[in-house]
Amino acid sequence: SVPDLSTLVTAVKAADLVATLESAGPFTVFAPTNEAFAALPAGVLQKLLEPANKAMLAAVLTYHVVSGDVQASMLTNNEMIKTVEGSNITAFVRGSEVTIEGGARGDIARVVQADVEATNGVVHVIDRVLIPPSALAKLMALTVSSSSALVESKAPTMNIVELAASVPDLSTLVTAVKAADL
């Protein structure tokens, strides 16, 4: 019923988690917004939604789910919370602001809407997708291999210094490399 969570709904359906999240629970879901999914590196969401990657998508989604009904007022600063995926996330409370840290990259998601009540738990809307440590390497390998397949293979034509010199933002690096006789 929340339009800004439509990407999450699509992902939950693709991962076959609808029946689980419709069950009695209770569950606490840290629900990434559409913008949070859009902010993932290019191609990541599309790869996760492919049927062949259903298990990885399920791991990412269940990393956002906690067993039990955890209201925002119940969270304490620096509290470690075990997710259904099996890894921990950490809640930080500063006044009325709640952030959730997780993932191998140390992602920090801000709770933008807390305590959205459901019949079988509670939803806290967050502004970032958290990637569990168990899925990060696999996800990176998946997206790197697919993006390299999209790039036409050709032999390099420049050495490292020539390549750096061709990028205006690297001019200081080129100057330093030359000054150091490297």
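Let me start with a convention on helix angles. Angles under 35 degrees count as roughly parallel, over 145 as roughly antiparallel, 65 to 115 as roughly perpendicular, and the rest as oblique. Keep that in mind for the helix pair coming up. One caution before that: this is a predicted model.

Overview first. The chain has 182 residues, and 41% of them count as buried. Its secondary structure comes to eight helices and seven strands. Now take contacts between residues at least 6 apart in sequence. Of these, 58% join residues at least 24 apart.

On to the helix pair. H1 covers residues 6-14, and its axis lies 9 Å from that of H5. The packing angle is about 130 degrees. That value falls in none of the named ranges, and therefore H1 and H5 are oblique to each other. The crossing of H1 past H5 is left-handed.

Which residues make this contact? From H1 come Leu8, Ala11, Val12 and Ala14; from H5 come Lys54, Leu57 and Leu61. By class, that gives six nonpolar residues, no polar ones and one charged.

Stay with H5 for a moment. Helix H5 spans residues 54-62 and is mostly covered, with seven of its nine residues buried. The buried set is Met56, Leu57, Ala58, Ala59, Val60, Leu61 and Thr62. So Leu57 and Leu61 appear in both lists: they are buried, and they meet H1. A reminder on helix geometry here. An α-helix has 3.6 residues a turn, so residues three or four places apart point the same way.

Next, the sheet. It is open, with seven strands and mixed pairing. The order reads E2-E1-E7-E6-E5-E4-E3. What happens at the edges? E2 and E3 stand there with a single partner strand each, so one side of each has no neighbour in the sheet. On average, neighbouring strands are turned by 30 degrees against each other, direction ignored.

Let me pick one pairing. Strand E4, residues 88-94, runs antiparallel to strand E5, residues 97-102. Five bridges join the two. Phenylalanine 92 stands opposite threonine 99 in E5.

Now one residue in E7. Valine 125 lies in that strand, which covers residues 121-126. Is valine 125 buried or exposed? Its relative accessibility is 7%, so valine 125 counts as buried. Set aside the neighbours within four places in sequence. Valine 125 is then in contact with Leu5, Ala31, Thr33, Arg110, Val111, Val112 and Gln113. One more distance: valine 125 and aspartate 115 are ten residues apart in sequence, and their C-alpha atoms are 8.5 Å apart.

Last topic: backbone details to look at. There are three I want to show.

The peptide bond from glycine 25 to proline 26 is cis, with omega near 5 degrees. Proline 26 sits in the loop between helix H2, residues 18-22, and strand E1, residues 27-32.

Then asparagine 78. Its phi is positive, about 65 degrees, although asparagine 78 is not a glycine. Where is asparagine 78 found? In the loop between strand E2, residues 65-67, and strand E3, residues 79-82.

Finally, aspartate 181. This one also is not a glycine, and its phi is positive at about 55 degrees. Aspartate 181 is in the segment after helix H8, residues 171-179. With 73% relative accessibility, aspartate 181 counts as exposed.

That's my tour. Over to you.

Notes. Residues numbered from 1 in each chain as written. Predicted model: local features only at pLDDT ≥ 70, side-chain atom pairs only at ≥ 80, totals over all residues. Heavy atoms only, no water. Buried < 20%, exposed > 50% of the residue type's maximum accessible area, 1.4 Å probe, protein only. Helix = DSSP H or I, 4+ residues; strand = E, 2+ residues; numbered from the N terminus. Axes fitted to C-alpha atoms, helices over the stretch in contact; angles between N-to-C directions. Left-handed = near helix turned anticlockwise from the far one by under 90°. Contact = heavy atoms within 4.5 Å. Nonpolar A, V, L, I, M, F, W, Y, C, P; charged D, E, K, R; others polar. Pairing = 2+ DSSP bridges.
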